[in-house]
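Subject: Structure for you to look at, with notes

Dear colleague,

I am handing over the structure we spoke about, and my notes on it follow below. Please keep the coordinates open beside the text as you read.

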Amino acid sequence: MVSINAYACSRVVYIGKNGTQMTARSMDWKDDIPANLWVFPRGIERNGEVGSSSINWKSKYGSVITSSWDIASSDGMNEKGLVGNLLWLAESKYPKFENKKNAAGLSVSLWLQYVLDNFTTVSDAVNFLRKEEFTIVSTEIPGTETFVTVHLAISDPTGDNAIFEYINGKLVIHHDRSYVTMTNSPIFEEQLAINAYWKGIPGTVMLPGTNRAADRFVRASYYIDAIPKTDNTREALSSVFGVIRNCSVPFGITSKDEPNIASTRWRTVADQKNMIYYFDNVLNPNVVWVEFSNLDFSEKGKILKLSLDNNENYAGESSKDFKETKPFKFVGLH
């Protein structure tokens with residue numbers, strides 16, 4: 001399969017004072033990529049969506065997620081403050097999968113959701129996923145010839161970070177508190193090497209300014225370290241939004257020759273101390289957010305949806321605007 005690098009996202013983690021931590025990301029895509037916010041309580045029975053070999057589980061933790069096309073969880077935070085972000089990685093190559101009874105598989109559309117459903121810390125997720133008890137299975141986005149190739153970043157309120165990539169069919173895990181920045185291509189190891197070069201050039205003198213993923217990585221890495229470290233939530237949030245917007249691509253910008261450059265469609269910031277999830281649609285002047293303290297994540301809680309895919313106009317804390325809705329079906333093998 002040929003994968004088209006249509007995502008061009010960025011992700012940063014801010015570590016302030018007294019436990020203040022926020023994880024931000026941008027979603028860049030060459031076409032419209034409808035997004036909605038969902039509240040998933042504990043106790044949801046899930047299936048890996050790859051046929052008879054699918055793994056099955058029951059969610060241990062509730063979460064708020066951003067969906068893509070209502071067929072996948074692409075971003076989110078669970079009730080314990082564990083955050084997951086899916087970003088495109090054209091270099092991804094997943095293991096071969098044969099749908100047999102002695103195999104175990106999980107659709108890539110559920111990869112992030114599986115982590116949010118089952119873990120509270122980065123270390124717990126790393127220790128389990130490195131066992132590779134199941135295979136990540138990818139396919140095309142329905143109605144397109146675009147084969148999904150993504151990598152997964154996670155962070156927790158302790159400041160720990162990990163990035164999961166499948167390179168040449170092998171799982172590569174980068175686990176370190178210092179891995180606070182990630183973009184899409186190239187593979188994370190090469191992103192670190194590029195950033196090491198730029199660290200020798202003062203950011204106050206020059207920073208790479210193009211929309212290329214490598215340049216966005218350098219700018220994000222510099223600014224997330226340069227902004228003030230504070231426990232003032234309002235100031236920290238403003239700084240973090242400033243960083244992720246600095247790494248965004250203006251709406252309407254595309255490049256036929258470089259499909260990894262695409263307009264930013266939306267951004268999120270997850271406040272892992274105060275448990276607030278912010279969503280910023282570039283086609284709407286208002287940022288919306290949801291405070292977890294207003295949600296019922298118990299098994300008696302309801303599955304809720306905040307519709308945003310038609311640029312609905314909300315502003316501020318919007319938990320009251322969520323509506324009980326049947327869950328979407330995660331895409332898997334056809």
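The protein chain has five helices and 20 strands, in what is a predicted model. Of its 334 residues, 59% are buried, and among the contacts with a separation of 6 or more, 69% are made by residues 24 or more positions apart. The accessible surface of the chain comes to about 14100 Å², and carbon and sulfur atoms account for 49% of that surface.

Strands S15, S16 and S17

I would start with the open sheet of seven strands, whose order is S14-S1-S2-S15-S16-S17-S19 and whose pairing is mixed. Its edge strands are S14 (181-183) and S19 (316-317), each of which pairs on one side only.

Within this sheet, S16 (residues 276-281) is mostly covered, since six of its six residues are buried. In a regular strand the side chains alternate between the two faces of the sheet. In S16 both faces are covered, with Ile276, Tyr278 and Asp280 buried on one side and Tyr277, Phe279 and Asn281 buried on the other.

S16 pairs with S15 (residues 264-271) in the antiparallel sense over six bridges, and it is joined to S17 (residues 287-291), again antiparallel, by five bridges. Tyr278 is a convenient residue for following both pairings, as it stands opposite Val269 on the S15 side and opposite Trp289 in S17. The hairpin of S15 and S16 has four residues between the strands, and Met275 takes a positive phi near 55 degrees there, while the hairpin formed by S16 and S17 has five residues between its strands. Beyond S17 the direction of pairing changes, for S17 and S19 run parallel and are joined by two bridges, with Gly316 in S19 as the bridge partner of Val288.

Strands S6, S7 and S8

How many of the residues of strand S7 (residues 72-78) are buried? Seven of the seven are, so this strand is largely enclosed by the rest of the structure. On one side S7 pairs with S6 (residues 63-68) in the antiparallel sense over six bridges, and the bridge partner of Val64 in S7 is Met77. S7 is also joined by three bridges to S8 (residues 83-88), and these two strands run antiparallel, with Asp75 standing opposite Asn85 in S8.

Both of these pairs are hairpins: S6 and S7 have three residues between them, with Trp69 at a positive phi near 60 degrees, whereas S7 and S8 have four residues between them, and Gly81 in that turn has a positive phi of about 85 degrees.

The nonpolar cores and a cavity

The largest nonpolar core has 69 residues, and those with the most contacts inside it are Trp111, Tyr114 and Phe164. A second, separate core of 19 residues includes Tyr14, Val240, Phe241 and Val243. Leaving aside neighbours within four places in sequence, Trp111 is in contact with Leu86, Leu106, Ile136, Val150, His151, Leu152, Phe164 and Tyr166.

The structure holds three cavities of 30 Å³ or more, and the second largest has a volume of about 80 Å³. Trp111 and Phe164 are also found in the lining of this second largest cavity, together with Phe128, Leu129, Glu132, Glu133, Phe134, Ile136, Tyr166 and Leu171. Helix H2 (122-129) and strand S12 (161-167) each supply at least two residues of that lining.

Some single residues

Glu132, one of the lining residues of the second largest cavity, is found in the loop between H2 and strand S10 (135-137). Although Glu132 is not a glycine, it has a positive phi of about 50 degrees; with a relative accessible area of 41%, Glu132 is partly exposed. Glu49, in the loop between strand S4 (45-47) and strand S5 (56-58), is another residue other than glycine with a positive phi, in this case near 60 degrees.

Is His174, found in strand S13 (residues 170-175), buried or exposed? Its relative accessible area is 12%, and because buried means under 20%, His174 counts as buried. The C-alpha atoms of His174 and Ala153 are separated by 9.3 Å, with the two residues 21 residues apart along the chain.

With best wishes

How values were computed:
Residues are numbered from 1 along each chain as its sequence is written. This is a predicted model: local features need pLDDT of at least 70, side-chain atom pairs count only at pLDDT 80 or more; totals for chains, interfaces and linings use all residues. Side-chain values use heavy atoms; hydrogens and water are left out. A nonpolar core is a set of buried Ala, Val, Leu, Ile, Met, Phe, Trp, Tyr and Cys residues joined through side-chain atoms within 4.5 Å. Buried means under 20% relative accessible area, exposed over 50%, partly exposed in between (1.4 Å probe, protein chains only). Contact means heavy atoms within 4.5 Å. Accessible areas come from the Shrake-Rupley method with a 1.4 Å probe; for residues, only the protein chains shown count as cover. Two strands pair if DSSP finds at least two bridges between them. On a 1 Å grid over the protein atoms alone, a cavity is a set of points where a 1.4 Å probe fits but cannot get out, and a pocket is an open set with protein on both sides within 12 Å along at least five of seven lines; lining residues have an atom within 4 Å of a point. Grid points are joined across faces, edges and corners, and a volume is the space filled by probe spheres set on the points.
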